[in-house]
Amino acid sequence: MVDRDRSGFIDDRELQQALSSSFHSFNLRTIRLLMFLFKHPHESLRIGPKEFTELWNCLGHWRGIFERYDKDRSGKIDPLELRDALYGIGYAVPASVLQLLLSKYSDGNNRRVELGFDSFVECGMIIKGLTDKFKDKDKRYSGSATLAYDDFMSMVIPFLVSYD
């Protein structure tokens, strides 16, 4: 049903349409990050049925976290709720890093940033993905790692690149 062009794969627009009808309107930037994280390493930015199932299950997990930490039931996650949600799933993100991450979603009007579900998933996947990549390099689980410049760039850039 999601594979509108019957190619056997789902592209970014097809995924955006499928998720937007099931959850709410998903930002294309979030869609492309999810596709990058779930696609087969040798594929272009598209996913097959197996990857779609994994992505769908992952979003269900994030939906549960979102609902658990949206304390005021506003349908948005504020900075304190985001901090608590990330901490609750095992990520003690320093306040300075959290502020930097939230600044990505600010519209510049100095109002408090609140995240919809798609932006919450994007933030969570960035934190999870970068933490997992770091843990791969921190063999002794000491909280520090030595990285070559190329390794560092290869680890971080995919999470920073705008896929818009």
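The exercises below, each with a worked solution, concern helix packing, the nonpolar core and aromatic pairs in a predicted model.

**Exercise 1.** Determine how helices α3 and α6 are oriented to each other, and which residues form their contact.

*Solution.*
1. Helix α3 covers residues 49–69 and helix α6 covers residues 117–137.
2. Their axes come within 10 Å and cross at roughly 105°.
3. Angles of 65 to 115 degrees count as roughly perpendicular, so α3 and α6 are roughly perpendicular to each other.
4. On the α3 side, the contact is made by Cys58, Leu59, Trp62, Arg63, Ile65 and Phe66. On the α6 side, the residues are Phe117, Phe120, Val121, Gly124 and Met125.
5. By type, the contact residues of α3 and α6 divide into nine nonpolar, one polar and one charged.

**Exercise 2.** Describe the largest nonpolar core and the place of Phe120 in it.

*Solution.*
1. The largest nonpolar core has 39 residues.
2. Elements giving two or more residues to this core are α1 (12–22), α2 (28–38), α3, α4 (79–88), α5 (95–103) and α6.
3. Helix α3 supplies the largest share of the core, eight residues.
4. Leu15, Leu115 and Phe120 have the most contacts inside the core.
5. With neighbours within four places in sequence left aside, Phe120 is in contact with Trp62, Ile65, Phe66, Ile77, Leu82, Ala85 and Leu115.
6. As background, nonpolar side chains in soluble globular proteins tend to be buried together.

**Exercise 3.** Classify the aromatic pair Phe52 and Trp56 by geometry, and each residue by burial.

*Solution.*
1. The structure holds five aromatic pairs. In the pair of Phe52 and Trp56, the rings are 5.9 Å centre to centre, with 35° between the planes.
2. This pair is tilted.
3. Both residues lie in helix α3, four residues apart, about one turn of the helix.
4. Buried means under 20% relative accessible area, so Phe52, at 17%, counts as buried.
5. Trp56, with a relative accessible area of 33%, is partly exposed.

**Exercise 4.** Classify the aromatic pair Trp62 and Phe120 in the same way, and locate both residues in the chain.

*Solution.*
1. The ring centres of Trp62 and Phe120 are 5.7 Å apart, and their planes are at 80°.
2. Planes over 60 degrees apart count as edge-to-face, so this pair is edge-to-face.
3. Trp62 lies in helix α3 and Phe120 in helix α6, 58 residues apart, and the pair links distant parts of the chain.
4. Trp62 is buried, with a relative accessible area of 3%; Phe120 is buried as well, at 1%.
5. Trp62 and Phe120 also belong to one aromatic cluster with Phe26, Phe66 and Phe117.

Definitions and conventions:
Residues numbered from 1 in each chain as written. Predicted model: local features only at pLDDT ≥ 70, side-chain atom pairs only at ≥ 80, totals over all residues. Heavy atoms only, no water. Axes fitted to C-alpha atoms, helices over the stretch in contact; angles between N-to-C directions. Parallel < 35°, antiparallel > 145°, perpendicular 65-115°, else oblique. Contact = heavy atoms within 4.5 Å. Nonpolar A, V, L, I, M, F, W, Y, C, P; charged D, E, K, R; others polar. Core = buried A, V, L, I, M, F, W, Y, C linked by side-chain atoms within 4.5 Å. Buried < 20%, exposed > 50% of the residue type's maximum accessible area, 1.4 Å probe, protein only. Phe/Tyr/Trp six-rings, centres within 6.5 Å; stacked < 30°, edge-to-face > 60°.
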